[in-house]
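Welcome! Please take a moment to look over the sequence and the model below, and then we will walk through some of the features together.

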Amino acid sequence: MPFSSLVILTGAGISAESGLATFRASDGLWEQHRIEDVATPGGFRRDPDLVHRFYNERRRKLKAVAPNAAHAALARLEAAWKGDFLLVTQNVDDLHDRAGSRRLIHMHGELLKARCLVCAEVHPWEEDLGPGTMCPQCGVMGRLRPHIVWFEEMPLEMDTIYEALERCEVFLSVGTSGNVYPAAGFVEAVPIRSRTIEINLEPSLVATAFKEHRLGPASVEVPRIVDELLAQGS
């Protein structure tokens with residue numbers, strides 16, 4: 001296959017191999033916290049201290065991990081791919097960024113950014129946030145929130161994502177559960193002729209919508225499929 005239009009979706013499974021806890025595993029973050037308390041606008045209004053503590057801990061743990069072979073392989077693929085390319089991640093970590101990915105959309109926001117509820121400015125943010133933190137732009141105190149798409153909120157840059165899906169010729173999904181929409185429905189949005197590939201430790205809830213399946217760790221299977229795609233495109 002010559003170089004063509006490629007869209008990649010990544011989920012928690014790719015970052016789990018770097019040591020980041022997933023949300024939905026049996027020992028995941030949702031087993032320790034109610035979604036309504038730490039991942040909704042209402043939860044933030046009720047108890048901003050709790051929400052800030054939750055994401056401050058996620059931010060600190062992120063500093064202790066590094067991109068793995070799967071992140072590196074996708075950055076290598078982007079650098080060599082001569083056709084249209086878009087990497088869409090559901091993950092709020094910065095591991096793709098650190099690996100070198102640039103044509104990248106964080107559809108669920110970014111842990112290392114903060115957004116002001118007064119002026120709407122988004123700021124890079126690596127330190128703790130709290131109710132007393134002041135917005136660097138407007139100076140209002142206590143109105144910064146994590147730049148995370150919570151439940152009940154719309155994911156980011158959806159128009160750009162669907163435009164890419166509509167012309168996509170190869171769709172690759174890595175480490176996703178198929179639990180969370182709209183991302184779980186992306187495979188249904190690509191043209192019927194497209195090549196669709198799922199890489200996961202086990203079949204996702206939408207596995208039957210994919211034409212090809214690779215079962216195994218992302219750090220093993222992603223470099224393999226990257227080599228295949230680049231060989232086919234050369």
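In which sense do β4 and strand β6 pair, and over how many bridges? The two strands pair in the antiparallel sense, over 4 bridges. Please keep in mind as you read that this is a predicted model. The points below start from this pair of strands, move on to a parallel sheet and a helix that lies across part of it, and end with some side chains.

**Strand β4 and its partners**

- Strand β4 covers residues 109-116, and 7 of its 8 residues are buried, so the strand is largely enclosed by the rest of the structure.
- In the pairing with β6 (residues 144-148), you can find A114 standing opposite P146.
- β4 is also joined to strand β5 (residues 122-124) by 3 bridges, and these two strands run antiparallel.
- Here R115 of the pair stands opposite V122 in β5.
- β4 and β5 form a hairpin with 5 residues between the strands, and A120 takes a positive phi near 70° in this hairpin.

**The parallel sheet**

- Six strands make an open sheet with parallel pairing, in the order β3-β2-β1-β7-β8-β9.
- β3 (104-106) and β9 stand at the edges with a single partner strand each, so one side of each is left without a neighbour in the sheet.
- From one strand to the next, the twist averages 15°.
- Look next at β7, which is joined to strand β1 (residues 6-10) by 5 bridges, the two running parallel.
- Along this pairing, L6 stands opposite V170 in β7, and the bridge partner of V7 is F171.
- β7 also pairs with β8 in the parallel sense, over 5 bridges, and the partner of V170 in β8 is R195.

**Why β7 counts as enclosed**

- Of the 5 residues of β7, 5 are buried, so this strand is largely enclosed by the rest of the structure.
- It helps to know that side chains in a regular strand alternate between the two faces of the sheet.
- In β7, V170, L172 and V174 are on one side, while F171 and S173 are on the other.
- These residues are all buried, and both faces of β7 are covered.

**Helix α9, lying across the sheet**

- Helix α9 runs over residues 218-233, which makes 16 residues.
- From its first C-alpha to its last, α9 reaches 21 Å, close to the 22 Å expected at 1.5 Å a residue.
- This helix lies across β7, β8 and β9, and runs at about 155° to β8.
- Which parts of the structure do the buried residues of α9 pack against? They pack against α1 (12-16), α5 (69-80), β7 (170-174), β8 (195-200) and β9 (212-215).
- The buried residues of α9 include A218, V222, I225, V226, L229 and L230, and E221 is also one of them.

**Salt bridges**

- The count of salt bridges in the model comes to 17.
- One of them links K61 and E57, whose closest N and O atoms are 3.8 Å apart.
- K61 and E57 are 4 residues apart in helix α4 (residues 48-62), which means they are separated by about one helical turn.
- As background, an α-helix has 3.6 residues a turn, so residues three or four places apart point the same way.
- Both partners are partly exposed: K61 has a relative accessible area of 45%, and E57 has 28% relative accessibility.
- D94 and R98 form another salt bridge, with the closest N and O atoms 3.1 Å apart.
- In that pair D94 counts as buried at 16% relative accessibility, whereas R98 is partly exposed at 39%.
- The side chains of E212 and R214 also meet in a salt bridge, at 3.7 Å from N to O.
- E212 counts as partly exposed at 22% relative accessibility, and R214 counts as buried at 18%.
- R34, E36, D37 and R46 are linked in a network of salt bridges.

**A buried histidine**

- Is H52 buried or exposed? With a relative accessible area of 3%, H52 is buried.
- H52 is found in helix α4.
- Leaving aside residues up to four places away in sequence, H52 touches F44, L129, G130, P131, L144, R145 and P146.
- You have already met P146, which lies in β6 with A114 opposite.

Methods: Residues are numbered from 1 along each chain as its sequence is written. This is a predicted model: local features need pLDDT of at least 70, side-chain atom pairs count only at pLDDT 80 or more; totals for chains, interfaces and linings use all residues. Side-chain values use heavy atoms; hydrogens and water are left out. The expected span of a helix is 1.5 Å times one less than its number of residues. Buried means under 20% relative accessible area, exposed over 50%, partly exposed in between (1.4 Å probe, protein chains only). Contact means heavy atoms within 4.5 Å. Two strands pair if DSSP finds at least two bridges between them. A salt bridge is a side-chain nitrogen of Lys or Arg within 4 Å of a carboxyl oxygen of Asp or Glu. Axes are lines fitted to C-alpha atoms, for helices over the stretch in contact, and angles run from 0 to 180 degrees between N-to-C directions.
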